Amino acid sequence: MNNSIRNTIILLFTLLAFAGGGWFFINYIFQSDIEESTQVLSDLSSDLDYLTEITEFYPVVEANYYDALYMRENHPKELFHNHNTSQIYNYLQELNNGNAATELNFSFTDSLQYDNHGIINVRVRGEGLYQNLVNFIYRIEHSRPLIKINTIEFDGISDVERLNRVNFEMTLGAYYKRGEWSELSANPETVMPEGDRVHNPTYPLIHSVPPNEDNLPDVENSRLLVLTQNRAHIIDQTGNSKQLSVGDRVYLGRLSSINMERGEAHFQLNRGGIADRVILTLEQENQ
């Protein structure tokens, strides 16, 4: 065997020895390190995916943060000075006026005490226009003293003349100071917002027509006799003469206007939730 072949064989055995040794070291000596590094890489990849997903929501979170910061700085909340129930009663009465006026009854149930604050529980019952109730709630929520509305219940009224009103009951938690606090005064005039003009959900869109218990003029069965600038003289369904001024009640409605030029008396009616208009003319035609 010549030297070149022998050297080639030796070199091949040497390479095989290096390859086998490397394989042995990788699979037996460094196997645990490889598995640990693979796990770390997998965890880091998951964290990267999670952080990438979070960054997509960052603009929304930032906008919410600045909105909350603005509300905190421009509409701060504070606690009542003490647990004197008369100040809370007077405060709620102050809010309950104008477009937020309702008929209210108050009862103070109990008081919870903590290290630096207390809570007076108040039960409020009443009746009022639905929109006024919404405004009253808005004032409680947005004004400066801290009063939490815990529960609220309301239901509609079946009386035809009061369908736009509701009975309601609320439980409130009024927070007051205990311990060391800076001197700030609760001001019920801080914010007096009004709620959105929304439909009363308890008001039936269509309801039954009430009977004519007051024997009001039924304009559909009446005749127009004479018109003046502000009055209409009619013969009602009973054959009696009646004089009506603009705004006077008739069965299911009122006399809304008079048109002297056309000789017409216009009546606006509500037929169980359906608005209607009836026109009496001097020619005795009902439209």
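Which residue forms a salt bridge with Glu220, and how far apart are the closest N and O atoms? I'll come back to that in point 6; here are my notes in order.

1. Please keep in mind that this is a predicted model. The protein chain has 287 residues, of which 29% are buried, and its secondary structure comes to four helices and 11 strands. Taking contacts between residues at least 6 apart in sequence, 59% join residues at least 24 apart. The chain exposes about 18,700 Å², with carbon and sulfur atoms supplying 53% of that area.

2. A good place to start is the open sheet of four strands, antiparallel in its pairing and ordered 1-2-4-3. Strand 1 (103–113) and strand 3 (147–156) each have a single partner strand, so one side of each is left without a neighbour in the sheet. On average, neighbouring strands here are turned by 15° against each other, direction ignored. Strand 3 pairs with strand 4 (residues 165–177) over nine bridges, and Thr151 has Thr171 in strand 4 as its bridge partner. Helix 3 (residues 85–95) packs on this sheet and touches strand 1, strand 2 (117–129), strand 3 and strand 4. The direction of helix 3 makes about 145° with that of strand 1.

3. The largest nonpolar core has 24 residues, and those touching the most other members are Leu92, Val122, Val124, Phe136, Ile140, Ile147 and Leu172. Two or more residues each come from helix 3, strand 1, strand 2, helix 4 (130–142), strand 3 and strand 4. Strand 4 gives the largest share, six residues. Phe136 is worth a click: leaving aside neighbours within four places in sequence, Phe136 is in contact with Leu92, Leu95, Asn96, Ala100, Leu104 and Met170.

4. Apart from that core lies another, of 17 residues, including Leu224, Ile234, Phe267 and Leu280.

5. Phe267 also helps to trace the pairing of strands 9, 10 and 11. Strand 9 (residues 253–259) runs antiparallel to strand 10 (residues 264–271), joined by six bridges, and Leu255 stands opposite Phe267. Strand 10 in turn pairs antiparallel with strand 11 (residues 274–281) over eight bridges, where Val278 is the bridge partner of Phe267. Both connections are worth viewing for their glycines. The hairpin of strand 9 and strand 10 has four residues between the strands, and Gly263 takes a positive phi near 65°. In the hairpin of strand 10 and strand 11, two residues lie between the strands, and Gly272 in the turn has a positive phi of about 60°.

6. Now back to the opening question: Arg271 forms the salt bridge with Glu220, with the closest N and O atoms 2.7 Å apart. This pair links distant parts of the chain, since Arg271 is in strand 10 and Glu220 is in the loop between strand 4 and strand 5 (223–227), 51 residues apart. Arg271 also forms a salt bridge with Asp276, again with the closest N and O atoms 2.7 Å apart. Arg271 is partly exposed at 22% relative accessible area, Glu220 is partly exposed at 40%, and Asp276 is partly exposed at 27%.

7. The whole structure holds 10 salt bridges. One of them joins the side chains of Lys242 and Asp236, at 3.1 Å from N to O. Is each partner buried or partly exposed? Lys242 is partly exposed at 26% relative accessibility, whereas Asp236 is buried at 4%. Elsewhere, Glu103, Glu127 and Arg165 are joined into one network by salt bridges that share partners.

Conventions:
Residues numbered from 1 in each chain as written. Predicted model: local features only at pLDDT ≥ 70, side-chain atom pairs only at ≥ 80, totals over all residues. Heavy atoms only, no water. Pairing = 2+ DSSP bridges. Axes fitted to C-alpha atoms, helices over the stretch in contact; angles between N-to-C directions. Contact = heavy atoms within 4.5 Å. Core = buried A, V, L, I, M, F, W, Y, C linked by side-chain atoms within 4.5 Å. Buried < 20%, exposed > 50% of the residue type's maximum accessible area, 1.4 Å probe, protein only. Areas by Shrake-Rupley, 256 points an atom, 1.4 Å probe, with all protein chains shown as cover. Salt bridge = Lys/Arg side-chain N within 4 Å of Asp/Glu carboxyl O.
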